[in-house]
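Me: I'd love to walk through this model with you. Could you take my questions one at a time and show your reasoning?

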Amino acid sequence: MTKPSGSPKSFESAIAELERIVEEMEGSAISLEDGLARYQRGVTLLKYCRNTLTEAEQRILRLEGDALVESGDQEA
């Protein structure tokens, strides 16, 4: 397996790559070195996904806050 490097192109591609890594680790006899490399890549992808979800949550909260302010302005 070639080791992909860098950040994934999208949240969806990171999830897909994580799924492939899990399938490979569960389904085949791989060397310790390959297993560790896949594990390390998985950790990197997991961090990327968590950060992406946190950023999305923060954007939603800001949008909700803006919507509440706008609706409060309209009531006045």
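Reply: Gladly! One term before we start: a nonpolar core is a set of buried Ala, Val, Leu, Ile, Met, Phe, Trp, Tyr and Cys residues joined through side-chain atoms within 4.5 Å. Please keep in mind that this is a predicted model.

Me: Thanks! How many helices and how many strands are in the protein chain?

Reply: Helix 1 covers 11–27 and helix 2 covers 32–75. The count for the protein chain is two helices and zero strands.

Me: Which residues form the largest nonpolar core?

Reply: Helix 1 and helix 2 each supply at least two residues of the core. The largest nonpolar core has five members: Ala14, Leu18, Ile21, Leu45 and Cys49.

Me: And which helix gives the most to this core?

Reply: Both helices take part, each with at least two residues. With three residues, the one that gives the most is helix 1.

Me: Which residues does leucine 45 contact, leaving aside neighbours within four places in sequence?

Reply: Leu45 belongs to the largest nonpolar core, together with Ala14, Leu18 and Ile21, among others. Once neighbours within four places in sequence are set aside, the contacts of leucine 45 are Pro8, Ala14, Glu17, Leu18 and Ile21.

Me: Glutamate 17 caught my eye there. Which residue meets the side chain of glutamate 17 in a salt bridge?

Reply: Side chains of opposite charge can pair when their charged atoms come close. Here the N to O distance is 2.8 Å, and the partner of glutamate 17 is arginine 41.

Me: How far apart in sequence are the parts that this pair ties together?

Reply: Glutamate 17 lies in helix 1, whereas arginine 41 lies in helix 2. The salt bridge between them therefore ties together parts whose separation in sequence is 24 residues.

Me: Is glutamate 17 buried or exposed, and what about arginine 41?

Reply: Buried means under 20% relative accessible area. Glutamate 17 has 10%, so it falls in that class. Arginine 41 has a relative accessible area of 11%, so this residue too counts as buried.

Me: The structure holds two salt bridges. Which residue pairs with arginine 38?

Reply: Arginine 38 lies in helix 2 and its partner in helix 1, so this pair ties together parts that are 14 residues apart in sequence. The closest N and O atoms are 2.8 Å apart, and the partner is glutamate 24.

Me: How do arginine 38 and glutamate 24 fare in relative accessible area?

Reply: Arginine 38 counts as buried, at 9% relative accessibility. Glutamate 24 is partly exposed, with a value of 28%.

Me: Let's turn to the surface. Which residues form a nonpolar patch there?

Reply: Methionine 25 is found in helix 1, and tyrosine 39 sits in helix 2. Methionine 25 is partly exposed at 35% relative accessibility, while tyrosine 39 is exposed at 55%. With about 280 Å² of accessible area together, the patch is formed by Met25, Tyr39 and Val43.

Me: Lastly, what share of the residues in the protein chain is buried?

Reply: The protein chain has an accessible surface of about 6,200 Å², of which 54% belongs to carbon and sulfur atoms. Of the 76 residues in the protein chain, the buried share is 14%.

Methods. Residues are numbered from 1 along each chain as its sequence is written. This is a predicted model: local features need pLDDT of at least 70, side-chain atom pairs count only at pLDDT 80 or more; totals for chains, interfaces and linings use all residues. Side-chain values use heavy atoms; hydrogens and water are left out. Buried means under 20% relative accessible area, exposed over 50%, partly exposed in between (1.4 Å probe, protein chains only). Helices (H or I, at least four residues) and strands (E, at least two) are DSSP runs, numbered from the N terminus. Contact means heavy atoms within 4.5 Å. Accessible areas come from the Shrake-Rupley method with a 1.4 Å probe; for residues, only the protein chains shown count as cover. Patches are made of residues with over 30% relative accessible area and no salt bridge: like charges are joined within 9 Å, nonpolar side chains (Val, Leu, Ile, Met, Phe, Trp, Tyr) within 5 Å. A salt bridge is a side-chain nitrogen of Lys or Arg within 4 Å of a carboxyl oxygen of Asp or Glu.
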